[in-house]
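Please consider the structure below with its sequence at hand. The account that follows is intended to be read alongside both.

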Amino acid sequence: MIMNALQGKVVILTGASSGIGEATARVLARSGARMVLAARRGERLEQLKLAIEQEGGTAVYQVTDVSVEAQMEVLARLALDTFGQIDVLVNNAGIKWDRMIDVNIKGVLYGIGTVLPHMRERRQGHIINVSSVTGHIVRKTWAVYSGTKFAVRAITEALRQEEAENNIRTTIICPGGVDTELVHTITNEEVKRDIEASMDIALTPEAIAHAIAYAISQPPQTAVNEMIVRPTRQEL
Ligand SMILES: NC(=O)c1ccc[n+]([C@@H]2O[C@H](COP(=O)([O-])OP(=O)(O)OC[C@H]3O[C@@H](n4cnc5c(N)ncnc54)[C@H](OP(=O)(O)O)[C@@H]3O)[C@@H](O)[C@H]2O)c1
């Protein structure tokens with residue numbers, strides 16, 4: 001019943017071409033959300049759009065680098081031109097190491113800045129930012145990745161306070177280990193070995209997709225502001 005709350009919602013989702021983003025696109029589309037998909041790999045987005053449509057869902061996509069503000073504006077424009085509104089932004093795109101600050105922090109800020117005027121005008125909307133357990137705790141070798149994910153939590157909490165009067169919801173999603181392509185973006189061999197070793201207990205991306213769907217599905221006056229979703233057997 002709760003999932004019906006997703007019916008017809010227009011959701012912009014970044015990082016939709018693999019992992020948590022791809023799973024989230026499928027889960028939300030199955031519940032009736034109209035998806036606006038973004039990532040850099042266009043062929044992946046095209047395949048995902050077709051797969052969603054084959055299941056009876058609705059999706060459009062735009063090849064987008066979230067670290068380029070003008071490209072985020074084109075993405076938001078596509079959502080408005082196609083569907084006339086934006087209900088939810090899921091800032092999910094993220095990488096480890098190279099270009100982390102541009103993608104993980106600036107990408108999130110550009111996404112927020114692009115959809116906020118529209119959401120303020122409608123006095124409704126929902127911004128979901130994917131942080132991490134590493135946005136709560138830091139260990140040696142995690143400095144920059146963890147720093148970006150702490151930043152995502154700080155930015156989202158400030159946004160919550162600033163936009164409460166405008167009736168805009170915010171959610172921070174903090175996954176623990178999830179089995180995705182992210183591990184391939186790690187360049188430090190020691191860290192890569194550690195993460196690969198932990199993959200046997202890792203969550204599937206669908207576990208995070210369901211957490212995102214849960215947050216969107218709440219009644220409008222209920223804001224699920226933060227969720228930490230770890231594999232049961234993950235210690236840190
Ligand atoms: N996997 C985990 O254990 C874990 C744990 C905690 C948090 N997270 C967070 O979860 C989120 C999703 O990661 P994932 O694990 O699903 O990894 P993934 O499979 O590598 O997915 C990352 C997504 O981000 C996109 N992306 C990367 N750079 C981009 C850019 N400049 N512009 C637009 N899109 C870009 C990638 O698509 P393109 O390459 O096609 O652009 C891809 O779709 C990230 O924020 C990550 O930090 C993951």
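The paragraphs below treat the ligand, then a pocket, and then several individual residues.

The model is a predicted one, and every value quoted here is computed from it. A suitable place to begin is the bound ligand. The shell around the ligand comprises 29 residues, of which Ser17, Ile20, Arg40, Tyr145 and Thr180 come nearest. By class, this shell holds twelve nonpolar, twelve polar and five charged residues. Three side chains may be singled out for their polar atoms. In Ser18, a polar side-chain atom is placed 2.8 Å from an oxygen atom of the ligand. Arg41 likewise has a polar side-chain atom 2.8 Å from a ligand oxygen atom. For Asp65, the partner is a nitrogen atom of the ligand, at 2.9 Å from a polar side-chain atom. The ligand taken alone would expose 890 Å², and the protein buries 95% of that area. Two elements give two or more residues each to the shell, namely α1, spanning residues 19-30, and α5, spanning residues 143-163.

Asp65 leads from the ligand to Ser67. The side chains of Ser67 and Asp65 are joined by a polar contact of 2.7 Å, and Asp65 is also the residue with a polar side-chain atom 2.9 Å from a ligand nitrogen. Ser67 has a further polar contact, of 2.6 Å, between its side chain and that of Arg99. In the chain, Ser67 belongs to the loop that runs between β3 (58-63) and α3 (69-83). Is Ser67 buried or exposed? Its relative accessible area is 13%, and Ser67 is therefore classed as buried, the limit being under 20%.

Attention may now turn to the second largest pocket. Its volume is about 180 Å³. Its lining consists of Lys9, Asp87, Val88, Gln124, Gly125, His126, Asn167, Arg169, Ile216, Gln218, Pro219 and Pro220. These lining residues divide into four nonpolar, five polar and three charged. Three of the residues in the lining, His126, Gln218 and Asn167, are described in turn.

His126 is part of strand β5, which covers residues 125-130. With a relative accessibility of 2%, His126 counts as buried. Its side chain makes a polar contact of 2.8 Å with the side chain of Thr171.

Gln218 is situated in the loop between α7 (205-217) and β7 (226-229). Its relative accessible area is 10%, so Gln218 too is buried. Gln218 and Ala5 are 213 residues apart along the chain, yet their C-alpha atoms are separated by 7.3 Å.

Asn167 occupies the loop between α5 and β6. Its relative accessibility is 42%, so Asn167 is counted as partly exposed. What is notable in the backbone of Asn167 is a positive phi, of about 65 degrees, although the residue is not a glycine. Most residues other than glycine have a negative phi. Thr141 also departs from that pattern: its phi is positive, at about 80 degrees, and it is not a glycine. Thr141 is found in the loop between β5 and α5, and at 37% relative accessibility it is partly exposed.

Asn188 provides another loop position, between β6 (168-175) and α6 (189-197). Its relative accessible area of 31% places Asn188 in the partly exposed class. The side chain of Asn188 reaches the backbone nitrogen of Glu190 at a distance of 2.9 Å; Glu190 falls within the range of α6. Asn188 and Trp97 lie 91 residues apart in sequence, while their C-alpha atoms are 8.5 Å apart in space.

Finally, Glu46 is located in helix α2, which comprises residues 42-54. Its relative accessibility of 29% makes Glu46 partly exposed. The side chain of Glu46 forms a polar contact of 2.7 Å with that of Tyr61. Glu46 can also be placed with respect to the pocket described above, through Gln124, one of the lining residues. Glu46 and Gln124 are 78 residues apart in sequence and 30 Å apart in space, C-alpha to C-alpha.

Notes: Residues are numbered from 1 along each chain as its sequence is written. This is a predicted model: local features need pLDDT of at least 70, side-chain atom pairs count only at pLDDT 80 or more; totals for chains, interfaces and linings use all residues. Side-chain values use heavy atoms; hydrogens and water are left out. On a 1 Å grid over the protein atoms alone, a cavity is a set of points where a 1.4 Å probe fits but cannot get out, and a pocket is an open set with protein on both sides within 12 Å along at least five of seven lines; lining residues have an atom within 4 Å of a point. Grid points are joined across faces, edges and corners, and a volume is the space filled by probe spheres set on the points. Ala, Val, Leu, Ile, Met, Phe, Trp, Tyr, Cys and Pro count as nonpolar, Asp, Glu, Lys and Arg as charged, and the others, Gly among them, as polar. A residue is near a molecule or strand if one of its heavy atoms lies within 4 Å of it. A polar contact is a pair of N or O atoms within 3.5 Å; within protein, one must be able to donate a hydrogen and the other to accept it, and residues adjacent in sequence count only if both atoms are side-chain atoms. Accessible areas come from the Shrake-Rupley method with a 1.4 Å probe; for residues, only the protein chains shown count as cover. Helices (H or I, at least four residues) and strands (E, at least two) are DSSP runs, numbered from the N terminus. Buried means under 20% relative accessible area, exposed over 50%, partly exposed in between (1.4 Å probe, protein chains only).
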